[in-house]
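Please open the structure in your viewer and keep the sequence panel visible. The tour proceeds by selections, each followed by a description of what is to be found there.

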Amino acid sequence: MRIGLAIFSLLIVTIFFHQAIQLLQTKRYSMRHIVVMLFVSVLMIGLMKVFSSFTMINQPFYYILPAATGSILLKLLCNERVAIAMSIVYGMMASLLFNGDVAGVLNAHVAIYVVLSQFAAIFLLVHTKKRQSIVKAGAGAAVMNSLTVLFVVFISFEKYSWYDLFLYAGYGVAGALLSVILTYGLLPFIDSGLGILTDSKLLTLSNPNHKLLRKILTEAPGTYHHSIMVANLSESACEAIGARGLLARVGAYYHDLGKTLNPHYFIENQMGMKNPHDFLKPEQSATIIINHPYDGAELLKKEKLPKEIIDIAKQHHGTTLLKYFYFQAKEEDEFASEMSFRYPGPKPQTKEAAIVCICDSVEAAVRSLDHPTTEEIKRIVHAIVEDRLLDGQFDECSLSFKELKTIENAICETLQGIFHSRIQYPDQHSIIKEAK
């Protein structure tokens, strides 16, 4: 008996730690996600223990168990693979906890009920960016719960009345409803308490009325427009390779926040005024330009924005060289140090940060063209990606050569949609003259 329980426990712990290691191997996840897994697991065990104490042979209250809560939370806060693996673990636990206090007995049909309920919620929770999708997942779990109850009833040798049939099916619907309520209630506390960046939090940060976005719009309108364009390019490129497009979009919105400290020293905000860099030494100009990612990161820290957004702001130039001012300084002093004109870094650590790094340069380069053609856009995008690659800017993120090619194609397609050819309308004066 004890040996069996020990093996059973070892199996569950092995699955848990395997999933934890898999999460930590990717830079997208951290120890906070392991804490989420632990919290959800303790929550599910606690719920099972409570419901098992009320369950009797003639009253199977385990059908009211909000089994889908764990799987929905794990998919929203971690990922689908973790949610599926832990659903199997929770099903195994349920088979042991709902065994009617009979030693050596596992309640197989409770395990099936719990696993199927969670699977239904996982596979129907498609659009994680929308909170309403939780309701859809709960509805799917309700249908699955009812069908599983009917399956158990109809294959049983015991006789059930129609009253029992509808009662137990109602228990299943109630369990799914309780899952939705618990998920809505717990989600804000978990993602804020543990600092997990969910899609719903990202959508909140993307609101144009956020005070930092309003700050960019009012103090550096050219930068605001640039950030919107970079956001569009970054999201499409991320989605093309399966990265987190919404994170890249929101990170791009805030990536140039530091420019609001000296907006007129950046060309997109000069609006026809004289370039103030014409009156500065190259070293002074470089210092102002180089500081903007770190100034932005400090502003984001003060407003307590998520670490992922701060990292994108800090890393979006990596350790690239300010070539214009460097070569200008070389003309004045051939011994000018290249390191004085490089961003101090760090280099992009994630795929999303690397993509924002690419799109930031691409948007500025293509915007400088008078009439960009498809061939020119492809040439510029390829040149920028190649330059970043040879400069070692992608050494610390997990982008592959195949993904870089896919990113190039996605950026080119998006730019071609933005800079597509338009009909040349006739001059307004000639129209008026002809009308006379």
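Begin by selecting aspartate 387 and arginine 388, whose side chains form a salt bridge with an N to O distance of 3.1 Å. The model on display is a predicted one. Is aspartate 387 buried or partly exposed? With a relative accessible area of 28%, aspartate 387 is partly exposed. Arginine 388, by contrast, has a relative accessible area of 11% and counts as buried because that value is under 20%.

Next, select glutamate 80 together with lysine 75. Their side chains also meet in a salt bridge, at 2.9 Å from N to O. Glutamate 80 has a relative accessibility of 34% and is therefore classed as partly exposed. Lysine 75, at 12%, is classed as buried. In this pair the acidic residue, glutamate 80, is partly exposed, while its partner lysine 75 is buried.

Now move to glutamate 268 and lysine 259. What joins the side chains of these two residues? A salt bridge does, with an N to O distance of 2.9 Å. Both glutamate 268 and lysine 259 are buried. Keep this pair selected and add Asp256: the residues Asp256, Lys259 and Glu268 belong to a linked network of salt bridges.

Having visited these sites, show every charged side chain. The salt bridges of the protein number 17. There are 40 positive and 39 negative side chains, and the centres of these two sets are 7 Å apart.

Switch to a cartoon view of the whole protein. How many helices and strands does the protein have? The protein contains 18 helices and zero strands.

With the C-alpha atoms displayed, consider the overall dimensions. Along the principal axes, these atoms fill a box of roughly 90 × 70 × 40 Å. The radius of gyration of the protein is 28 Å, whereas a compact globule of 436 residues would have one near 22 Å.

Display contacts next, leaving aside pairs that are less than 6 residues apart in sequence. Of the contacts between residues at least 6 apart, 73% connect residues at least 24 apart.

Finally, turn on the molecular surface. The accessible surface amounts to about 22500 Å², and carbon and sulfur atoms account for 63% of that area. Beneath this view, 49% of the 436 residues count as buried; lysine 75 and arginine 388, selected earlier, are among the buried residues.

Definitions and conventions: Residues numbered from 1 in each chain as written. Predicted model: local features only at pLDDT ≥ 70, side-chain atom pairs only at ≥ 80, totals over all residues. Heavy atoms only, no water. Helix = DSSP H or I, 4+ residues; strand = E, 2+ residues; numbered from the N terminus. Rg over C-alpha atoms; globule rule 2.2 N^0.38 Å. Buried < 20%, exposed > 50% of the residue type's maximum accessible area, 1.4 Å probe, protein only. Contact = heavy atoms within 4.5 Å. Areas by Shrake-Rupley, 256 points an atom, 1.4 Å probe, with all protein chains shown as cover. Lys, Arg positive; Asp, Glu negative; His and termini not counted. Charge placed at Lys NZ, Arg CZ, Asp CG, Glu CD. Salt bridge = Lys/Arg side-chain N within 4 Å of Asp/Glu carboxyl O.
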